[in-house]
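Student: I'm new to this one, so please take a close look at one loop for me. After that, walk me outwards from there.

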Amino acid sequence: MRLANRVMNLTPSSTLAISAKAKALKKEGHDVIGLGVGEPDFNTPQYILDAANQAMQDGLTKYTPSGGIPELKKAIAKKFKKDNQLDYELDEIIITTGAKHALYTLFQVILNAGDEVIVPSPYWVSYPEQIKLAEGEPVFVHALEENDFKITPEQLEQSITNKTKALIINSPSNPTGMMYSKEELYALGEVCLKHNILIVSDEIYEKLIYTSDPHISIAQLSPELKAQTVVINGVSKSHAMTGWRIGYLAGPKGIVKAMTNHVSHATSNPTSIAQYAALRAYETDQDPTIEMRAIFKERLQTLYDLITTIPGITCRQPKGAFYLFPNVSGAIKQNGFQTVDAWVEALLEEVKVALVPGSGFGAPENVRLSYATSKEELVEAAQRIKHFVEKNQ
Ligand code: PLP
């Protein structure tokens with residue numbers, strides 16, 4: 001059967017292709033180190049597991065309101081107040097099946113065919129595909145590595161057309177780990193206000209910052225910016241809950257209402273048990289991110305120090321998330337390859353280290369290394385990469 005055009009045009013996930021190959025090699029008995037994963041390697045905290053168990057015992061296993069249970073919405077509103085000094089009413093919040101589904105549904109409800117969304121590049125792989133699935137057009141704005149992979153207000157201004165509907169901001173960023181400062185956000189926000197462009201602020205890595213820079217939500221910078229912004233967040237990265245699939249969006253009521261209507265036909269609601277687990281995550285005084293952050297910070301420094309000693313590889317020091325995004329163009333050339341994809345493939349075949357080529361993120365000179373794995377593995381992986389680069393010179 002001929003499939004729909006909308007799926008024929010989808011780009012397969014670059015992260016999946018490399019992890020499929022890594023898995024196949026592992027199955028054959030090879031000692032593969034995978035630095036491709038995009039999830040914390042910690043288990044969900046016990047008190048959250050207990051809350052899920054309790055929810056099941058209490059019979060909280062039925063459909064919930066499509067936009068999520070009011071208790072969790074209240075807890076999220078409290079979190080916004082405490083962490084971001086933002087006030088949201090409950091009908092300005094929707095709980096979704098992961099932050100990914102918040103973004104997917106958002107594009108479904110705001111985009112008409114041909115509407116443009118500005119996507120700073122390098123970008124998280126799903127943004128362009130989700131925009132295309134909503135018949136929109138991703139418009140890439142190339143953020144320079146010299147500018148820490150951040151776009152400028154001038155670049156933003158130049159990319160705006162009469163079809164521009166929204167701008168995506170992801171700070172801290174996947175894949176670069178970079179963050180916009182308050183001033184930079186304000187300047188981008190001014191341009192969006194001037195042209196009436198919705199700001200889509202993906203703050204999923206909010207809790208994973210390793211410098212003294214505070215996390216700033218663009219929505220907190222002025223009431224006008226708040227009215228022009230949707231904030232996306234979730235428990236996947238902050239509470240090591242990727243598999244539970246709980247995310248959320250806060251923003252203008254009209255958008256939240258349309259999204260709630262949309263999900264009522266798509267998923268009915270996010271999993272009831274997972275919502276109660278997320279409720280505990282937000283209601284407790286315990287903060288699992290303190291420990292995670294300390295471990296990630298140490299690993300980041302270890303990996304950064306080792307990677308930057310490899311000839312042909314340069315790297316800007318990331319501030320958050322759990323990725324390093326080095327420029328490997330020198331190494332690709334020295335090793336005689338044409339593309340980052342070919343270099344990454346050879347690296348996996350020869351020294352059994354799996355990285356994600358930057359091509360899938362719109363950055364063909366870079367690779368993404370995740371440090372959501374043990375320090376021992378990171379040290380070993382860096383040694384293997386060094387060996388590969390030096391041997392093939
Ligand atoms: N946004 C970014 C930038 C991400 O990296 C991810 C996950 O990798 C998500 C959103 C989706 O997170 P969730 O697990 O809540 O769907």
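Tutor: Let's settle the labels before anything else: helices (H or I, at least four residues) and strands (E, at least two) are DSSP runs, numbered from the N terminus. You're looking at a predicted model, where local features need pLDDT of at least 70 and side-chain atom pairs count only at pLDDT 80 or more, while totals for chains, interfaces and linings use all residues. Residue numbers start from 1 along each chain, following the sequence as written.

Now find the loop between helix H14 (340-351) and strand S10 (353-354): that's where Lys352 sits. Most residues other than glycine have a negative phi, and most peptide bonds are trans. Lys352 isn't a glycine, yet its phi is positive, about 60°. How exposed is Lys352? A residue is buried if 20 or more other C-beta atoms (placed from the backbone) lie within 10 Å of its own, exposed if 12 or fewer, and partly exposed in between. Lys352 has 18 other C-beta atoms within 10 Å, so it is partly exposed.

Who touches this loop? Two residues are in contact if their C-beta atoms, placed from the backbone, lie within 7 Å. Setting aside neighbours within four places in sequence, His30 has Leu25 and Lys352 as its contacts. His30 is in a loop too, the one between H2 and strand S1 (33-34). It counts as exposed because it has 12 C-beta neighbours inside 10 Å. Also look at Glu349: it is 319 residues from His30 in sequence, but their C-alpha atoms are 9.9 Å apart in space.

Let's zoom out. The domain assignment (bounds like these come from an automatic or database assignment) gives domain 1 (5-43 + 288-391) and domain 2 (62-283). Their C-alpha centres lie 26 Å apart. Where they touch, 35 residues of domain 1 are in contact with 30 residues of domain 2. On the domain 1 side, the elements giving two or more residues are helix H2 (14-27), helix H12 (288-307) and strand S9 (323-324). H12 gives the largest share of that side, seven residues. For the chemistry, count Ala, Val, Leu, Ile, Met, Phe, Trp, Tyr, Cys and Pro as nonpolar, Asp, Glu, Lys and Arg as charged, and the others, Gly among them, as polar. By that scheme, the side of domain 1 that touches domain 2 has 15 nonpolar, 13 polar and seven charged residues.

If you follow the chain between H12 and S9, you'll meet Ala321 in the loop. Like Lys352, it isn't a glycine; Ala321 has a positive phi of about 65°. This one is buried, though, with 29 other C-beta atoms within 10 Å.

Next, the inside. A nonpolar core here is a set of buried Ala, Val, Leu, Ile, Met, Phe, Trp, Tyr and Cys residues joined through C-beta atoms within 7 Å. The largest one has 114 residues, and Leu167 and Leu249 have the most contacts inside it. Helix H5 (residues 98-110) gives the most to this core, with seven residues. Both domain 1 and domain 2 give residues to this core, so it lies between them. Leu249, leaving out neighbours within four places in sequence, is in contact with Ala102, Leu106, Val230 and Met259, among others.

H5 also holds Gly98. With 22 C-beta neighbours inside 10 Å, Gly98 counts as buried. Its C-alpha is 3.9 Å from that of Gly247, although the two are 149 residues apart in sequence.

One last helper: H5 is among the elements covering the buried residues of H6, along with strand S3 (116-121), strand S4 (137-142) and strand S5 (164-170). Those buried residues of H6 (residues 126-133) are Tyr127, Pro128, Gln130 and Ile131. They cover an arc of only 165° around the axis (taken from the directions from the helix axis to the C-beta atoms), which puts them on the same side of H6. Pro122 lies in the loop between S3 and H6, and a cis peptide bond, omega about 5°, joins Ser121 to Pro122. Just after H6, Glu135 takes a positive phi of about 65°.
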